[in-house]
Amino acid sequence: MKKIVISGSSKLQDKVNYWLEHFKKQNYEILDYPRLIDLDKYTEELPIVYKNFYNALENTDVFFLMNEEKNGIKGYIGASAIAELTYVVILNLIHNKNIDIYILNMPSEELSAYDEVKFWLDIGWIKLYKKNNRF
């Protein structure tokens, strides 16, 4: 069974739930995914969430960035998601991991990381996800 980590905005829980179901139906083991953090416990929970998420990135076969529309921006990628995407690219380059990296949509040209992500797509380090294809 292939392992997958889903990345993206935790504020889009309806989309997170959709992708969780989608990958469960395809028999993927979901190592981690965007979760809402209780604002009352944010400073104590955030380091644990980050540590667990980045540990999952090191142990996954597939990284999927669900860069859904957010705040009227199609192909939205937030700061945390770009950090996670970059980390997985670096794991492949420096640590000889063979993690398949997919993003759902072309990133918006409004994003500060657009040029970098577009470059990674162009050279094949990451791929656009096609919903009817398995990884």
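Is asparagine 71 buried or exposed? Asparagine 71 counts as exposed, because its relative accessibility is 65% and the cut-off for exposed is over 50%. Keep in mind that this is a predicted model.

**Two asparagines with positive phi**

Asparagine 71 sits in the loop between strand E3 (62-65) and H3. Its phi is near 55°, which is a positive value in a residue other than glycine. Asparagine 96 gives us another case: its phi is near 55°, again positive and again in a non-glycine residue. You'll find asparagine 96 in the loop that links H3 and E4, and it is exposed, with a relative accessible area of 68%. Here are the two side by side:

| Residue | Loop | Phi | Relative accessibility |
|---|---|---|---|
| Asparagine 71 | between E3 and H3 | near 55° | 65% |
| Asparagine 96 | between H3 and E4 | near 55° | 68% |

**The chain as a whole**

Stepping back, the protein chain has four helices and five strands. Reading from the N terminus, they come in the order β-α-β-α-β-α-β-α-β. The radius of gyration is 14 Å, which agrees with the value near 14 Å that a compact globule of 135 residues would have. Along the principal axes, the C-alpha trace spans about 45 × 35 × 30 Å.

What share of the 135 residues counts as buried? That would be 42%. Contacts tell their own story: of those with a separation of 6 or more, 74% come from residues 24 or more positions apart. On the outside, the accessible surface comes to about 8000 Å², and carbon and sulfur atoms hold 49% of that. As for charge, there are 17 positive and 19 negative charges, and their mean positions are 6 Å apart.

**A look at helix H4**

Helix H4 covers residues 114-123, and its buried residues are Tyr114, Val117, Trp120 and Leu121. These four cover an arc of only 135° around the axis, so they lie on the same side of H4. What do the buried residues of H4 pack against? Their partners are helix H3 (79-94), strand E4 (100-103) and strand E5 (127-128). Flip to the face of H4 turned away from its buried side, and you meet the exposed residues Asp115 and Asp122. After H4 comes glycine 124, and its phi is positive too, near 85°.

Conventions. Residues numbered from 1 in each chain as written. Predicted model: local features only at pLDDT ≥ 70, side-chain atom pairs only at ≥ 80, totals over all residues. Heavy atoms only, no water. Rg over C-alpha atoms; globule rule 2.2 N^0.38 Å. Buried < 20%, exposed > 50% of the residue type's maximum accessible area, 1.4 Å probe, protein only. Contact = heavy atoms within 4.5 Å. Areas by Shrake-Rupley, 256 points an atom, 1.4 Å probe, with all protein chains shown as cover. Lys, Arg positive; Asp, Glu negative; His and termini not counted. Charge placed at Lys NZ, Arg CZ, Asp CG, Glu CD. Arc of directions from axis to C-beta.
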